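Hi everyone, thanks for having me. I'll walk you through one structure today, so have it open on your screen and follow along.

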Amino acid sequence: MLLLSVKHIIADFLLQTSWMAIGKDQKTGWALPLLAHCLVHLTVAMALLLVIAPQFWFVALIDFAIHISVDRAKGFCAATFGVTQENKHPWFWTLIGVDQALHHLTGFGLSIFMAANG
């Protein structure tokens, strides 16, 4: 769990550019920024897993698939319903919180999987 939490902090906060963060939530043109952002997650996860638990390399692919799905759902809500910080939408921080909770629950679930199968 610690490994995947560190991965999440690195990929979601340290390595995510403004282009990725803003672009992935747009009504149009979201695909490339979203893909770039999730490929960063895949790369960091794969690197960490190959060093610490190489038998679970495929968990990075699962994490990628879930991350891109969660972020696309958040982007769809943001673009479709105007849930943005610029609009001062009352649900903006709730949407961010749900997004982050789902990412951490993903890490928790994948950690349980690896612990049970390690």
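I'll go from the overall picture to the helices, and then to a few single residues.

Before anything else, please keep in mind that this is a predicted model. So what are we looking at? The protein has 5 helices and 0 strands, and along the sequence the pattern reads α-α-α-α-α. Its C-alpha trace spans about 45 × 25 × 20 Å along the principal axes.

How does the radius of gyration fit with a compact globule? For 118 residues, such a globule would come out near 13 Å, and this protein has 15 Å, which agrees. Buried residues account for 41% of the 118 residues. The accessible surface is about 6700 Å², and 75% of that belongs to carbon and sulfur atoms. And here's one about the fold: take the contacts between residues at least 6 apart in sequence, and 65% of them join residues at least 24 apart.

Okay, on to the helices. Let's begin with H1, which has 13 residues. From first C-alpha to last, H1 reaches 17 Å, close to the 18 Å expected at 1.5 Å a residue. The buried residues of H1 are Leu3, Leu4, Ser5, Lys7, His8, Ala11 and Asp12. Which helices do they pack against? The answer is H3, H4 and H5.

If you look at those numbers, here's something handy to remember. An α-helix has 3.6 residues a turn, so residues three or four places apart point the same way. Try it on H1: Leu4, His8 and Ala11 are among its buried residues.

Next is H3, running over residues 31-52. Its 22 residues should span 32 Å at 1.5 Å a residue, and the end C-alpha atoms are 31 Å apart, so that agrees. Buried residues in H3 include Pro33, Leu34, His37, Cys38 and His41. The buried residues of this helix pack against H1, H2, H4 and H5.

Then there's H5, with 26 residues. H5 reaches 38 Å from its first C-alpha to its last, close to the expected 38 Å. Among its buried residues are Phe92, Leu95, Asp99, His103 and Leu110. What covers the buried residues of H5 includes H1, H3 and H4.

Now for my favourite part, the aromatics. How many aromatic pairs does the structure hold? There are 5. Let me zoom in on Phe56 and Phe113: their ring centres are 6.0 Å apart and their planes sit at 70°. Planes over 60 degrees apart count as edge-to-face, so this pair is edge-to-face. The pair links distant parts of the chain, because Phe56 is in the loop between H3 and H4 while Phe113 is in H5, 57 residues apart. Are the two buried or exposed? Phe56 is buried, at 6% relative accessible area, whereas Phe113 counts as partly exposed at 32%. Together with Trp57 and Phe58, these two form one aromatic cluster.

There's another ring to look at, Trp30. The charged end of Arg72 sits over the ring of Trp30, 3.6 Å from its centre.

Trp30 comes up again when we look at Gly23. That glycine lies in helix H2 and is buried, with 10% relative accessibility. Setting aside residues up to four places away in sequence, Gly23 touches Ser18, Gly29, Trp30 and Pro33. Pro33 was on our list of buried residues in H3.

What about Leu48, over in H3? Leu48 is partly exposed, at 24% relative accessible area. Beyond its neighbours within four places, Leu48 is in contact with Leu3, Lys7 and Ala53. Both Leu3 and Lys7 are buried residues of H1. The C-alpha atoms of Leu48 and Leu4 are separated by 8.7 Å, with the two positions 44 residues apart along the chain.

Last stop: Lys88. Most residues other than glycine have a negative phi. Lys88, though, has a positive phi of about 50°, and it isn't a glycine. Where does Lys88 sit? Its place is in the loop between H4 and H5. At 70% relative accessibility, Lys88 counts as exposed.

That's my tour, thanks for listening!

Note on methods: Residues numbered from 1 in each chain as written. Predicted model: local features only at pLDDT ≥ 70, side-chain atom pairs only at ≥ 80, totals over all residues. Heavy atoms only, no water. Phe/Tyr/Trp six-rings, centres within 6.5 Å; stacked < 30°, edge-to-face > 60°. Helix = DSSP H or I, 4+ residues; strand = E, 2+ residues; numbered from the N terminus. Buried < 20%, exposed > 50% of the residue type's maximum accessible area, 1.4 Å probe, protein only. Lys NZ or Arg CZ within 6 Å of the ring centre and 35° of its normal. Rg over C-alpha atoms; globule rule 2.2 N^0.38 Å. Contact = heavy atoms within 4.5 Å. Areas by Shrake-Rupley, 256 points an atom, 1.4 Å probe, with all protein chains shown as cover. Expected span 1.5 Å × (residues − 1).
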